[in-house]
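Welcome, and thanks for taking a look with me. Here are a few points that may help you find your way around.

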Amino acid sequence: MSEISRAAAMLRAGDLVAFPTETVYGLGADASNAAAVGKVFAAKGRPADHPLIVHLPDAGHLERWAIEIPQAARRLAAAFWPGPLTLILKRHPAVIDAITGGQDTVGLRVPRHPLALQLLREFAGGVAAPSANRFGHVSPTTAAHVRDELGAAVGMVLDGGPCQVGIESTILDLSSGMPRILRPGMLDAMALAEVLGEVPAFGAEGAVPRVSGSLESHYAPTTPMRLLPADAIAPAIDLALGRGQRVVVFAPASPGRRESNLIWREASRDPGAYAHELYARLREFDALGGDLILVAAPPVDEAWRGVNDRLQRAAAEVK
Ligand code: TXA
Ligand code: MG
């Protein structure tokens, strides 16, 4: 039996399979099996009211999961699937509450990684898959990250190499009249606007955080991290070194000095390349055993929105 056939058989048996997508690795379970979905929440330590994204083999499966599908959803699916876009639509009555967190909507996407697509086609159904990390921690972008973090809890980890995009999909809510980006990603508002015919709004309606990634401290490394304007990095280094701290600096430009307690990692000036390596970098910074991570803030620009969002959450105080 091929690895993909074995993985599909495990999903059918109600077991968990971690698999690569173009964004991050997902922790997959049969989305129509409540017991299997329950295992995902247990493995991640994730609160039960946080809904999961259902991954589909192709847009032809939309009708099984959603109702009242707007034309905009079909146009976006045609333009961007397979790809890093999750659509929030009105849920089909057959969708189980464990997936939706009891909400009347469901998140759907067709991922672009060839292994993910092979698995979904072989399974021929919906696979619920959050990022394959412990709740609140950095998402995995390699199979090794998944094994390090979830190890024994996962039946199988499909290894598809490092994820190309590197940060999670853009989440677009089409369940109410106005399209809204609930989570920015590398597919940006301008690209969506070209197909939608209007620029989507940003942020969730109301106060309830319907997107777990919208909680402030999320995607966080264990080491304290500060996000600073480029010209504030040098004084922050002085302060930290003065306190005897070991500092990791992530910036496009070298701090221009050598100290045993100062480690510099060069950040890309290209948003795509930056996103691609971001989570692996955050894990590396933790492993370097520093006391503080200083990150030079990238430009405030639409192309950087997804990256800036993750950096702000990674730098937010853990409450
Ligand atoms: O790129 C991605 O989207 C990755 C890969 C594995 O596909 N998945 C991912 O899953 O990031 P997760 O569970 O870590 O984040 C999914 C986000 C959560 O913040 C969840 O709250 C939101 O999607 N979500 C899912 N269904 C929703 C719904 N019906 N309404 C609002 N938000 C929803
Ligand atoms: Mg996640």
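What share of the contacts in the chain with a separation of 6 or more comes from residues 24 or more positions apart?

1. Let me answer that straight away: the share is 67%. Please keep in mind as you read that this is a predicted model.

2. On secondary structure, you will find 11 helices and 15 strands in the chain. The chain is as compact as a globular protein of its length, because its radius of gyration of 20 Å is close to the 20 Å that the globule rule gives for 319 residues.

3. For a sense of the dimensions, the C-alpha trace spans about 60 × 45 × 35 Å along the principal axes of the chain.

4. How much of the chain is buried? Of its 319 residues, 55% count as buried, that is, with under 20% relative accessible area. The accessible surface comes to about 13100 Å², and carbon and sulfur atoms contribute 53% of that.

5. Turning to charge, the chain carries 31 positive and 34 negative side chains. The centres of these two sets lie 2 Å apart.

6. It may help to view the chain by its domains: domain 1 covers 3–202, and domain 2 covers 225–315. Taken over C-alpha atoms, the centres of domain 1 and domain 2 are separated by 29 Å.

7. How many residues of each domain are in contact with the other? In domain 1 there are 24 such residues, and they are in contact with 17 residues of domain 2.

How values were computed
Residues numbered from 1 in each chain as written. Chains lettered and ligands numbered in written order. Predicted model: local features only at pLDDT ≥ 70, side-chain atom pairs only at ≥ 80, totals over all residues. Heavy atoms only, no water. Helix = DSSP H or I, 4+ residues; strand = E, 2+ residues; numbered from the N terminus. Rg over C-alpha atoms; globule rule 2.2 N^0.38 Å. Buried < 20%, exposed > 50% of the residue type's maximum accessible area, 1.4 Å probe, protein only. Contact = heavy atoms within 4.5 Å. Areas by Shrake-Rupley, 256 points an atom, 1.4 Å probe, with all protein chains shown as cover. Lys, Arg positive; Asp, Glu negative; His and termini not counted. Charge placed at Lys NZ, Arg CZ, Asp CG, Glu CD. Domains from an automatic or database assignment.
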